[in-house]
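Here are some notes to go with your first look at this one. Keep the picture open as you read, and take the points in any order you like.

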Amino acid sequence: MYMNLSRVRAGGQVTEATAVIVVEGLRKSIRNGARTVDILKGIDFEVPRGQFVAIMGSSGSGKSTLLGLLAGLDTPTAGEVRLNGTAISYLPEDKLAKVRGRTVGFVFQSYQLVPTLTALENVLLPYELNADGDVDAGLRRARELLTNVGLGDRMDHYPVQLSGGEQQRVALARAFILRPPIVLADEPTGNLDTVNGSHVLELLLNLNRSEGTTLVLVTHDPMLADYADRRIVLRDGLVISDELTPKKAEELVR
Ligand SMILES: Nc1ncnc2c1ncn2[C@@H]1O[C@H](COP(=O)(O)OP(=O)(O)O)[C@@H](O)[C@H]1O
Ligand SMILES: [Mg+2]
């Protein structure tokens, strides 16, 4: 069936009620001495539940800044982010930490594991900080996730004893431990070679699918973005294109 992809509204039938992520008029400026640098200049989009969004754009276009704002790791200069209906951008840190812990799993390019904790302890950390309790259930979930990512026999290893790909697989398990509705990943394969990178990606997509998570992934690998449902491209702090991938558009038309 013929369709002009540029005219497909990339959010699909999103309403406030079904959007897991709502970004409205988001701006971020940073004062640098006497100058003000505008990093994000007004970003708007909504992400429906379960969608896999690839954020693309060249280095310096504002991708990491945007992801940090989505995660509530940073405060915007103007505009707002709502996660699951909760406006997070201006919450006091204690409230924000609670919402973030329950709502968002984050995967960084540089893994960000705690070096003094084992793989199992790293995965358990968000559980211990956020969950209300059942230690045994947390342990079972952590072991299951580590086994899922192929690290069943490495649970007691420290990060320094693991390869980059293995460390990132630990970070994946950690991102999913609390069953967050949203996972945000900033170039998660950026430090890995092609083989390890595609393995990590495959595991991330499998987890995403089996857990029904909404996934926002920053990448500048066009191959990787082909797996996404939707591509949002940034340039100089603005969205210059926001389209469903051809695969997803066909699904919706059918
Ligand atoms: N804390 C900061 N101070 C000054 N400039 C910053 C800061 N953080 C980011 N920038 C600038 O903002 C722009 C966007 O950065 P970033 O979001 O990291 O882009 P990307 O992830 O797309 O490479 C870059 O030009 C970067 O140098
Ligand atoms: Mg970046």
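1. Start at the end of helix H1: right after this helix comes Gly72, and its phi is positive, near 70 degrees. Bear in mind that what you have here is a predicted model, so every angle and distance in these notes is computed from it.

2. Now look back at helix H1 itself. Is it mostly covered or mostly open? Covered: six of the eight residues in H1 are buried. The buried ones are Lys63, Thr65, Leu66, Leu67, Leu69 and Leu70. As background, an α-helix has 3.6 residues a turn, so residues three or four places apart point the same way.

3. H1 also matters for reading the surroundings of ligand 1. Which element gives the largest share of the shell around that ligand? It is H1, with three residues. Strands E1 and E2 join H1 (63-70) as the elements that give two or more residues each.

4. If you want to click through the shell around ligand 1, go to Ile30, Asn32, Val37 and Ile39, then to Gly57, and on through Ser59, Gly60, Ser61, Gly62, Lys63, Ser64 and Thr65. By type, the shell has eight polar residues, three nonpolar and one charged. Note that Lys63 and Thr65 turn up in this shell and also among the buried residues of H1.

5. Strands E1 and E2 deserve a look of their own. E1 (residues 19-32) and E2 (residues 35-48) run antiparallel and pair over eleven bridges. One pair to find is Leu26 with its bridge partner in E2, Ile43. The two strands make a hairpin with two residues between them, and in the turn Gly33 has a positive phi of about 65 degrees.

6. Next, the open sheet. It has six strands in the order E6-E7-E8-E3-E9-E10, and the pairing is mixed. Strand E6 (104-107) and strand E10 (238-244) are the edges, each pairing on one side only. On average, neighbouring strands of this sheet are turned by 15 degrees against each other, direction ignored. In general, strands of a sheet pair through backbone hydrogen bonds, either parallel or antiparallel.

7. Within that sheet, how do E3 and E8 pair, parallel or antiparallel? Parallel: strand E3 (residues 52-56) and strand E8 (residues 214-218) share four bridges. Val53 is a handy marker, standing opposite Val216 in E8.

8. A helix lies across one part of the sheet. Helix H5 (residues 164-176) sits over E6 and strand E7 (182-186), and runs at about 170 degrees to E6.

9. Glu93 is a residue to contrast with the covered part of H1. Glu93 belongs to helix H2 (residues 93-103). Why does Glu93 count as exposed? Because Glu93 has 10 C-beta neighbours inside 10 Å, and the cut-off for exposed is 12 or fewer. Glu93 and Ala225 are 132 residues apart in sequence, with 33 Å between their C-alpha atoms.

10. Finally, step back to the whole protein. The count is eight helices and ten strands. The radius of gyration is 18 Å, close to the 18 Å of the globule rule for 254 residues, so the protein is as compact as a globular protein of that length. Its C-alpha trace spans about 50 × 50 × 35 Å along the principal axes. Buried residues make up 40% of the 254. Of the contacts between residues at least 6 apart in sequence, 71% join residues at least 24 apart.

Key: Residues are numbered from 1 along each chain as its sequence is written. Chains are lettered from A and ligands numbered from 1 in the order in which they are written. This is a predicted model: local features need pLDDT of at least 70, side-chain atom pairs count only at pLDDT 80 or more; totals for chains, interfaces and linings use all residues. Two strands pair if DSSP finds at least two bridges between them. Axes are lines fitted to C-alpha atoms, for helices over the stretch in contact, and angles run from 0 to 180 degrees between N-to-C directions. Two residues are in contact if their C-beta atoms, placed from the backbone, lie within 7 Å. The radius of gyration is taken over C-alpha atoms; the globule rule is 2.2 Å times the number of residues to the power 0.38. A residue is buried if 20 or more other C-beta atoms lie within 10 Å of its own, exposed if 12 or fewer, and partly exposed in between; C-beta atoms are placed from the backbone. A residue is near a molecule or strand if its C-beta atom, placed from the backbone, lies within 6 Å of it. Ala, Val, Leu, Ile, Met, Phe, Trp, Tyr, Cys and Pro count as nonpolar, Asp, Glu, Lys and Arg as charged, and the others, Gly among them, as polar.
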